[in-house]
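Q: I am new to reading protein structures and would like one part of this one explained slowly. Please start from a single residue and work outwards to what surrounds it.

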Amino acid sequence: MTQPFLMMMLGVGNGFCKSTYHNNALIDAQGRLFLIDCGAMAWQSLHEIGLGFEDIEGIFITHLHYDHCGGLDEAALYGAYAAGRKLKLWLPSPLNGVIWEKYLSGTLENKVEGRVSLEDYFDVHWVEEGESFSFSAGSSAGLTARWLQTLHVPAKFSCSLIMDNRFFYSSDMQADTGLLCSLLDQGIDTFYHDSSFTYNPVHAGFEELCRYPEEIRNRLYLMHYGEVPADKPEHELQGMKLLRQHEWLAW
Ligand SMILES: [Zn+2]
């Protein structure tokens with residue numbers, strides 16, 4: 001049975017974009033709020049719509065880039081010292097041994113207070129590829145999800161999410177026609193997709209997305225684009241649609 005949910009982009013920009021923030025998403029699953037990624041501008045973006053740490057139940061991280069996880073140390077410190085609460089943190093298993101050891105320990109380790117691991121700051125849930133987990137809190141059934149590894153920066157882990165077996169969220173990834181066709185065959189009917197209007201070797205170029213089959217383009221929602229170039233009218237998007245920052249859509 002499908003579970004309706006709401007999704008809002010906290011930003012639709014790339015890592016350098018100051019106007020439309022970072023490409024992170026807010027999910028409303030049965031009235032509980034979750035983040036897909038928590039970049040350096042995530043908490044500012046939430047603040048601008050009247051939300052904060054207390055409103056968020058948990059976070060899923062797709063990969064280790066500052067525009068996707070640069071807000072985690074703020075979440076950890078606020079949770080430990082201001083809110084007295086640990087957020088749920090769902091992490092792809094390949095980040096085990098990396099996210100704390102190579103990224104967060106430098107800022108968060110506090111041996112005097114005994115805060116020496118990720119678990120001292122978050123309610124951590126490691127998730128294997130393809131394993132089903134649920135964006136849920138309390139007794140709610142929540143929203144089922146699973147991750148699959150996708151190509152972003154070569155030789156660096158990154159993943160996408162499938163929710164409710166019908167909704168694909170690419171996070172950062174290069175264009176991949178074979179994957180998208182396969183997902184469509186598996187019953188995925190909505191695609192939130194990385195996009196870039198200028199050439200970028202580790203993101204999906206708009207011209208590449210235009211070469212996806214029409215059946216996919218008509219189900220494709222663009223994110224990460226930052227700002228639409230002045231010479232790119234929206235009626236030239238080849239059936240694809242632009243996601244807007246801070247706009248709820250129901251799925
Ligand atoms: Zn990235």
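Where in the chain is the place of Lys-232, in terms of the strands on either side of it?

A: Keep in mind that this is a predicted model. Lys-232 sits in the loop that runs between strand S12 and strand S13, the latter being residues 241-242. A loop residue can be buried or exposed, and Lys-232 counts as buried because its relative accessibility is 17%, while the cut-off for buried is under 20%.

What does Lys-232 touch, leaving aside residues up to four places away in sequence? Its contacts are Phe-197, Phe-206, Glu-207 and Leu-237. For a sense of distance, take Tyr-199, which is 33 residues from Lys-232 along the chain; the two C-alpha atoms are 15 Å apart. One of the contacts, Glu-207, also gives a way to place another part of the model: its C-alpha lies 39 Å from that of Val-124, and 83 residues separate the two in sequence.

The two strands that flank the loop of Lys-232 both belong to an open sheet of seven strands. The order of the strands across this sheet is S7-S8-S9-S10-S11-S12-S13, with mixed pairing. S13 is an edge strand, and so is S7 (133-135); each of them pairs on one side only. Within the sheet, S9 and S10 are antiparallel and are joined by three bridges. In this pairing Met-163 is opposite Phe-167, a residue of S10. A general rule helps when looking at any such sheet: side chains in a regular strand alternate between its two faces.

Two loops attached to these strands hold residues with an unusual backbone angle. As background, most residues other than glycine have a negative phi. Ala-155, in the loop between S8 and S9, has a positive phi near 70 degrees. Ser-171, in the loop between S10 and helix H5, also has a positive phi, near 50 degrees. Their surroundings can be read from accessibility: Ala-155 is exposed, at 92%, whereas Ser-171 is buried, at 0%.

After the loop of Ser-171 comes H5, which spans residues 177-185. Which residues of H5 are buried? They are Leu-179, Leu-180, Leu-183 and Leu-184. Viewed down the helix axis, these residues fall within an arc of 135 degrees, so they line one face of H5. The general reason for such spacing is that an α-helix has 3.6 residues a turn, so residues three or four places apart point the same way. On the side of H5 turned away from the buried one are the exposed residues Gly-178 and Asp-185.

The buried residues of H5 pack against several elements, among them S8 (143-149), S9 (159-163), S10 (167-169), S11 (190-194) and S12 (220-223). They also pack against helix H7 (214-217). S12, one of these partners, is the strand before the loop of Lys-232. Just past the end of H5, Gly-187 has a positive phi of about 100 degrees.

For contrast, consider some places elsewhere in the chain. Val-124, already met through its distance to Glu-207, is in strand S6, residues 122-127. Val-124 is buried because its relative accessibility is 16%, and 20% is the upper limit for that label. Setting aside residues up to four places away in sequence, Val-124 touches Leu-89, Leu-91, Leu-118 and Glu-119.

Strand S4, residues 56-60, has five of its five residues buried. S4 runs parallel to strand S3 (residues 32-36), and four bridges join them. Leu-33 has Ile-56 of S4 as its bridge partner.

The loop between S1 and S2 holds both Phe-16 and His-22. Phe-16 is exposed, with a relative accessible area of 69%, and it makes a nonpolar surface patch of about 350 Å² together with Tyr-66 and Tyr-103. His-22 is buried, at 4%. Its contacts beyond four places in sequence include Gly-39, Met-41, Tyr-66 and Asp-67. Tyr-66 is thus a contact of His-22 and also a member of the patch with Phe-16.

Key. Residues are numbered from 1 along each chain as its sequence is written. This is a predicted model: local features need pLDDT of at least 70, side-chain atom pairs count only at pLDDT 80 or more; totals for chains, interfaces and linings use all residues. Side-chain values use heavy atoms; hydrogens and water are left out. Buried means under 20% relative accessible area, exposed over 50%, partly exposed in between (1.4 Å probe, protein chains only). The arc is that of the directions from the helix axis to the C-beta atoms. Contact means heavy atoms within 4.5 Å. Patches are made of residues with over 30% relative accessible area and no salt bridge: like charges are joined within 9 Å, nonpolar side chains (Val, Leu, Ile, Met, Phe, Trp, Tyr) within 5 Å. Accessible areas come from the Shrake-Rupley method with a 1.4 Å probe; for residues, only the protein chains shown count as cover. A salt bridge is a side-chain nitrogen of Lys or Arg within 4 Å of a carboxyl oxygen of Asp or Glu. Two strands pair if DSSP finds at least two bridges between them.
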